[in-house]
Amino acid sequence: MSSPRPKSLAIMFLLGAFLMGGAVGFAAERVVTPPSAPRVTDERAMLDELDRELSLNADQRRVVDSVWEWRKDRSREIMRIVRPSLDSLRDSARVLMMNTFDSTQVAGFRRLLERNQRVADSTARARGEVR
């Protein structure tokens, strides 16, 4: 019977690769997206672009805005329910990864997490969200 350790290492490697891929993709998107293009985080700009691209009339725009707000409200309700589980999963993954790092890597990983948190906080403030 084989030891579960190689499986754990493989899972941690895949999780790390997934997280790094997301970070690299995020950074690449920031570099290649022209400044004039609306950011995914700029909801008003996205709705304005939809309005322009589809030539919405006033009634259509009111419906689109209303549906958008309805979706946001429902998303918030769902996230309130699942956020604790997602946070626990994220924290567990971080601990598993840090267990494989040396002290220099742990320090670097923590700096990366802090930097990502600052970006997330800044984005939330730009959206008008309270964190």
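What pattern does the protein follow, read along the sequence? Helix after helix: the pattern is α-α-α-α. The legends below walk through a predicted model, starting with the overall view and then zooming in.

**Figure 1. The whole chain, a protein of 4 helices and 0 strands.** The pattern along the sequence is α-α-α-α, and of the 131 residues in the protein, 12% count as buried. As for how far to trust this predicted model, the protein's average pLDDT is 82, and 80% of the residues score at least 70. Confidence is lowest in helix H1, residues 5-32, where the mean is 69. Helix H3, residues 58-98, has the highest confidence, at 92. Keep the H1 value in mind for Figure 7, which looks at a residue in that helix.

**Figure 2. A salt bridge between helices H2 and H3, made by arginine 44 and aspartate 65.** The closest N and O atoms of this pair are 3.6 Å apart. Why pick this one out of the 12 salt bridges found in the whole structure? Aspartate 65 sits in H3 and arginine 44 in H2 (residues 43-54), so the pair ties together parts that are 21 residues apart in sequence. Both partners count as partly exposed: aspartate 65 has a relative accessibility of 22%, and arginine 44 has 42%. The pair also belongs to a bigger picture, since a network of salt bridges links Arg44, Asp48, Asp51, Arg61 and Asp65. As a general reminder, side chains of opposite charge can pair when their charged atoms come close.

**Figure 3. Two salt bridges within helix H3, one made by aspartate 59 and arginine 62, the other by arginine 90 and aspartate 87.** Start with aspartate 59 and arginine 62, whose closest N and O atoms are 2.2 Å apart. These two are 3 residues apart, about one turn of the helix. Are they buried or exposed? Aspartate 59 counts as exposed, at 52% relative accessibility, and arginine 62 counts as exposed too, also at 52%. Further along H3, the side chains of arginine 90 and aspartate 87 meet at 3.3 Å, N to O. Here again the spacing is 3 residues, about one turn of the helix. Arginine 90 is partly exposed, with a relative accessible area of 35%, and aspartate 87 is partly exposed at 23%.

**Figure 4. Helix H2 and the serine that follows it.** H2 has 12 residues. From its first C-alpha to its last it reaches 16 Å, close to the 16 Å expected at 1.5 Å a residue. Right after the helix comes serine 55, in the loop between H2 and H3. What is the sign of phi at serine 55? It is positive, about 50°, although serine 55 is not a glycine. At 58% relative accessibility, serine 55 counts as exposed.

**Figure 5. A nonpolar patch on the surface.** Which residues form the patch? They are Ile78, Ile81, Val82, Leu86 and Leu89, and together they have about 480 Å² of accessible area. One of them, isoleucine 78, is found in helix H3. Compare this view with the next one, where the nonpolar residues form a core.

**Figure 6. The largest nonpolar core, with 5 residues in all.** Its members are Met97, Met98, Val106, Phe109 and Leu113. Where do they come from? H3 and helix H4 (103-127) each supply at least two residues of this core. H4 gives the most, with 3 residues. In general, nonpolar side chains of soluble globular proteins tend to be buried together.

**Figure 7. Alanine 23 of helix H1, viewed together with leucine 112.** How many residues separate the two along the chain? They are 89 residues apart, yet their C-alpha atoms are separated by 9.9 Å. Alanine 23 counts as partly exposed, at 33% relative accessibility. A caution for this view: H1 is where confidence is lowest, at a mean of 69.

Note on methods:
Residues are numbered from 1 along each chain as its sequence is written. Side-chain values use heavy atoms; hydrogens and water are left out. pLDDT is the predictor's confidence in each residue, from 0 to 100. A salt bridge is a side-chain nitrogen of Lys or Arg within 4 Å of a carboxyl oxygen of Asp or Glu. Buried means under 20% relative accessible area, exposed over 50%, partly exposed in between (1.4 Å probe, protein chains only). The expected span of a helix is 1.5 Å times one less than its number of residues. Patches are made of residues with over 30% relative accessible area and no salt bridge: like charges are joined within 9 Å, nonpolar side chains (Val, Leu, Ile, Met, Phe, Trp, Tyr) within 5 Å. Accessible areas come from the Shrake-Rupley method with a 1.4 Å probe; for residues, only the protein chains shown count as cover. A nonpolar core is a set of buried Ala, Val, Leu, Ile, Met, Phe, Trp, Tyr and Cys residues joined through side-chain atoms within 4.5 Å.
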